[in-house]
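Visitor: I would like a close look at a single part of this model, taken slowly and with its surroundings. Please choose one residue to start from and work outwards.

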There are 2 protein chains.
Amino acid sequence: MKVINVLEEAAKRVHKNVKHLAGTKESGTDHGMGAGGDISRRIDIVAEKTVLDYLREINFECTVFGEECGIVKLSPNPKGFIIMDAIDGSTNAVRGLPFFCCSLAYTPEDKLSSVTDGVVMDLHNGDLYSASKGKGAYMNGKKIQVHKEKPIYFVVGVDISGISPDVLPQLAPILSASNHVRHFGAVALELAIFARGLVDVFVDLRKKLRITDVAAGYLIASEAGGYVVDENGMPLDSNLSYDKRISFIAAANEETLADVRKKLGLSPKI
Amino acid sequence: MKVINVLEEAAKRVHKNVKHLAGTKESGTDHGMGAGGDISRRIDIVAEKTVLDYLREINFECTVFGEECGIVKLSPNPKGFIIMDAIDGSTNAVRGLPFFCCSLAYTPEDKLSSVTDGVVMDLHNGDLYSASKGKGAYMNGKKIQVHKEKPIYFVVGVDISGISPDVLPQLAPILSASNHVRHFGAVALELAIFARGLVDVFVDLRKKLRITDVAAGYLIASEAGGYVVDENGMPLDSNLSYDKRISFIAAANEETLADVRKKLGLSPKI
């Protein structure tokens, strides 16, 4: 079984096991602080257990780097890592807002830039986004690509949750340039819909994201032809660490990326 | 037939007639500038025609105040007005983003404060929100109310599309106070989900909204127990005009409203 198929099957099982929970009081029960530093909700715990149970069932020998469960070795000599945010957008899920997902990525080495396979499952509607390095990105088995048509600033996604008042003014030129700013509240899925061409630009300069939020979405967005870089214009990278925080800019083409960087006061040339 | 039932039936017909269009190239065909000043898309035109055809079919003698079609008298001696944004969130609809709605309100007089009935239909999933003045707010026939539990800043909706760089800093204390900021891109539906308790606060200080965007959502949010005021802390009001632009703050309780106003640098007492 290919790694990508393992990730896809795990995500499908999460969808099956959590869809009845979304928007229920039960889904939000507090289970203490997870490894990533946020409160774990019941829906997070059910989703993570689903993935871990499945990986054990098929004897997938890896180390899981999970948003809630922390680092779990599934065998004495694990081969590679699964980077798991079993529910990205837990607050949306608990409140009943229809935008949350399961994000799973595989890397043979302990770093983001080595990710070879990524899956994002839209847990509201069951759409499955996936990519393997060098093989393009897919939604429900059909090839997807970023939005190549102009105008370049039509729909702009941003993450401004808890943004520092010092960082906000930097975004002003981007926000005022678009009549269609969006923030749905689950970055992995926001990268997936960017990859599919529903959003033209996505910016998160908060330095708050963890590797679990972006590992799968980054690969999917890149394989769909998107330009995704950190605040210094470099490819995203990080060891698997709960401390490392990430900012990024995603744009549907090189010209847009250069223009976004200019508007943000960053060097337009990268 | 009660007015609210007329609005509900019209919204259901819009849902039926546009659901196959969402996310298609056809839905976005340009039909020139609408009365409200935005480009009319094919999906807007189909939705408006559905409402107008239905009102004519049942001989509903009113004047329609439409986002795209302008002012349409449906009889020589119309009684009252239907305020129509047949598709709020057209860009989402055209792009395939799952958040757009039909907003219909009825007022016997030419002003927002006289609105007696309002309906918002979630055109993605078919949820129907409705309210008649003094009779509470409903979703799919079940009574709804705003989110009364604390914490008060948990999920905060904002509209920052094309926001002026001068206005943005005013929002900084609200954005930094919430780890769950959302902007889905269809204000009428954002007010409806606020009414249902999915979002705790909604702020739009851009002075860009038209009466067609808020007429139904305002009644639904108010009837669900929400506090909705303009930037001066007054109840929203306006004659039916395409020129009048509206800002508003919606909060789930009085204490939150006072606190939001303070954070925005507005007098907390109203």
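Guide: Let us start from A:Asp213, which, leaving out residues up to four places away in sequence, touches A:Asp85, A:Asp88, A:Val187 and A:Ala188. Please keep in mind throughout that this is a predicted model. A:Asp213 lies in helix H6 of chain A, and because its relative accessibility is 7%, it counts as buried.

The contact with A:Asp85 can be followed from the other side as well. A:Asp85 is found in strand S5 of chain A, which covers residues 81-88, and with a relative accessibility of 2% A:Asp85 counts as buried too, the cut-off for that word being under 20%. Setting aside its neighbours within four places in sequence, A:Asp85 is in contact with A:Glu67, A:Cys101, A:Cys102, A:Ser103, A:Thr212 and A:Asp213.

Several of these names return in the record. The UniProt annotation "binding site", which comes from an unreviewed entry, covers A:Glu67, A:Asp85, A:Ile87, A:Asp88 and A:Asp213. These positions are spread over 147 residues of sequence, yet they cluster in space, with a largest C-alpha distance of 9.6 Å.

From here we can widen the view to the helix that carries A:Asp213. Helix H6 of chain A runs over residues 211-223, and its 13 residues, at 1.5 Å a residue, should span 18 Å, which agrees with the 18 Å between its end C-alpha atoms. H6(A) nevertheless bends by about 30 degrees at A:Gly217. Of its 13 residues 11 are buried, so H6(A) is largely enclosed by the rest of the structure. The buried residues include A:Thr212, A:Asp213 and A:Val214, as well as A:Gly217, the residue at the bend, and A:Tyr218. Just after the helix, A:Gly225 takes a positive phi of about 95 degrees.

One of the buried residues of H6(A), A:Val214, leads on to the nonpolar interior, since A:Val214 is among the residues that A:Phe248 touches, a list that leaves out residues up to four places away in sequence and also includes A:Val187, A:Leu191, A:Phe202, A:Val228 and A:Leu236. A:Val187 is thus a shared neighbour, touching both A:Asp213 and A:Phe248. The largest nonpolar core holds 94 residues, and within it A:Phe248 and B:Phe248 touch the most other members. A second, separate core of 44 residues includes A:Ala251 together with B:Ile163, B:Leu171 and B:Ile174.

With residues of chain B now in the picture, the relation between the copies deserves a word. Chain B is superposed on chain A by a rotation of 180 degrees with 0.0 Å of shift along its axis, at an RMSD of 0.0 Å, and that is the relation of a two-fold axis. Of the residues of chain B, B:His183 comes closest to the rotation axis, its C-alpha lying at 2.4 Å. Since 100% of the interface residues of chain B are also interface residues in chain A, the copies meet through the same surface.

Two backbone details can close the tour. A:Asn140, in the loop between strands S9 (137-139) and S10 (142-144) of chain A, has a positive phi of about 50 degrees although it is not a glycine, and at 45% relative accessibility A:Asn140 counts as partly exposed. B:Lys207, in strand S13 of chain B, is likewise a residue other than glycine with a positive phi, near 55 degrees, and B:Lys207 counts as partly exposed at 40% relative accessibility.

Notes:
Residues are numbered from 1 along each chain as its sequence is written. Chains are lettered from A and ligands numbered from 1 in the order in which they are written. This is a predicted model: local features need pLDDT of at least 70, side-chain atom pairs count only at pLDDT 80 or more; totals for chains, interfaces and linings use all residues. Side-chain values use heavy atoms; hydrogens and water are left out. A nonpolar core is a set of buried Ala, Val, Leu, Ile, Met, Phe, Trp, Tyr and Cys residues joined through side-chain atoms within 4.5 Å. Buried means under 20% relative accessible area, exposed over 50%, partly exposed in between (1.4 Å probe, protein chains only). Contact means heavy atoms within 4.5 Å. Helices (H or I, at least four residues) and strands (E, at least two) are DSSP runs, numbered from the N terminus. The expected span of a helix is 1.5 Å times one less than its number of residues. The bend at a residue is the angle between axes fitted to the seven residues ending there and the seven starting there. Copies are superposed by least squares on the C-alpha atoms of residues with pLDDT of at least 70 in both. UniProt positions are given in the numbering used here, feature names are shortened, and annotations may be inferred rather than shown by experiment.
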